Amino acid sequence: MPPRSAWAWARAMSKTGEAGKAMAAAMNVWEGDDKGRRGECEDPWIATALRGWRPDTDAHFVELAQSVYGPLCAAIKDGGRA
C-alpha cells in the first residue's frame, strides 16, 4: 500500500464522505500535481514494488487504506485519542 496515497484517501473520505472525491485525492498524491509535487508513484522504492499498479484500479486499496488510516482519521476528527 502506498502510504501517502492511502492517507490522502482516508483524510478525504473522513472529510467529505464521498468515495469519488477520496479517490481523486489519492490519485492526486499518487500521480503528483501541476504545482510541482512529485507523485508517490515516482518514488523508486514504490515504483519497484508496485510496478504498473495504480490505486484507482485495485479494490483492495480502499479496504486497506480504510482499515489502516480510517480509525486514525476518525479519532482526529472526533478530537479523541488516536
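**Burial and aromatic pairing**

Me: Which residues is S5 in contact with, leaving aside its neighbours within four places in sequence?

Reply: In this predicted model, S5 is in contact with A26, V29, W30, E40 and F61 once those neighbours are set aside. Contact here requires heavy atoms within 4.5 Å.

Me: Why does S5, in helix α1, count as buried or exposed?

Reply: The relative accessibility of S5 is 0%. Buried means under 20%, so S5 counts as buried.

Me: What makes up the largest nonpolar core, and which helices supply it?

Reply: This core has 14 residues, and those with the most contacts inside it are A6, W9, A10, M23, A26 and F61. Helices α1, α2 and α4 each supply at least two of its residues, with α2 giving the most, namely five. F61, for its part, is in contact with P2, S5, A6, W9, M23, A26, W53 and P55, apart from neighbours within four places in sequence.

Me: How do you know where the buried residues of α2 lie around the helix?

Reply: The buried residues of α2 are A22, M23, A26, M27 and W30. Viewed down the helix axis, they fall within an arc of 135°, so they line one face of α2. Their cover includes α1, α3 and α4.

Me: What makes the span of α2 close to the one expected?

Reply: α2 has 13 residues and reaches 18 Å from its first C-alpha to its last, close to the expected 18 Å at 1.5 Å a residue. After the helix comes G32, whose phi is positive, near 90°.

Me: How many aromatic pairs are found in the whole structure, and why is that of W7 and Y69 given its name?

Reply: The search finds three aromatic pairs. The ring centres of W7 and Y69 are 5.5 Å apart and their planes are at 70°. Planes over 60 degrees apart count as edge-to-face, so this pair is edge-to-face. W7 in α1 and Y69 in α4 are 62 residues apart, and the pair thus links distant parts of the chain.

Me: Why are W7 and Y69 classed as buried, partly exposed or exposed?

Reply: Buried means under 20%, exposed over 50%, and partly exposed in between. W7, at 26%, is therefore partly exposed, whereas Y69, at 18%, counts as buried.

Me: What is the geometry of the W30 and W53 pair?

Reply: Their ring centres are 5.4 Å apart and their planes at 85°, so this pair is edge-to-face. W30 lies in α2 and W53 in the loop between α3 and α4, so the pair ties together parts 23 residues apart in sequence. W30 is buried, with a relative accessible area of 5%. W30, W53 and F61 form one aromatic cluster.

Technical notes:
Residues are numbered from 1 along each chain as its sequence is written. This is a predicted model: local features need pLDDT of at least 70, side-chain atom pairs count only at pLDDT 80 or more; totals for chains, interfaces and linings use all residues. Side-chain values use heavy atoms; hydrogens and water are left out. Buried means under 20% relative accessible area, exposed over 50%, partly exposed in between (1.4 Å probe, protein chains only). A nonpolar core is a set of buried Ala, Val, Leu, Ile, Met, Phe, Trp, Tyr and Cys residues joined through side-chain atoms within 4.5 Å. Helices (H or I, at least four residues) and strands (E, at least two) are DSSP runs, numbered from the N terminus. The expected span of a helix is 1.5 Å times one less than its number of residues. The arc is that of the directions from the helix axis to the C-beta atoms. Rings of Phe, Tyr and Trp (its six-membered ring) pair if their centres lie within 6.5 Å; planes under 30 degrees apart count as stacked, over 60 as edge-to-face and the rest as tilted.
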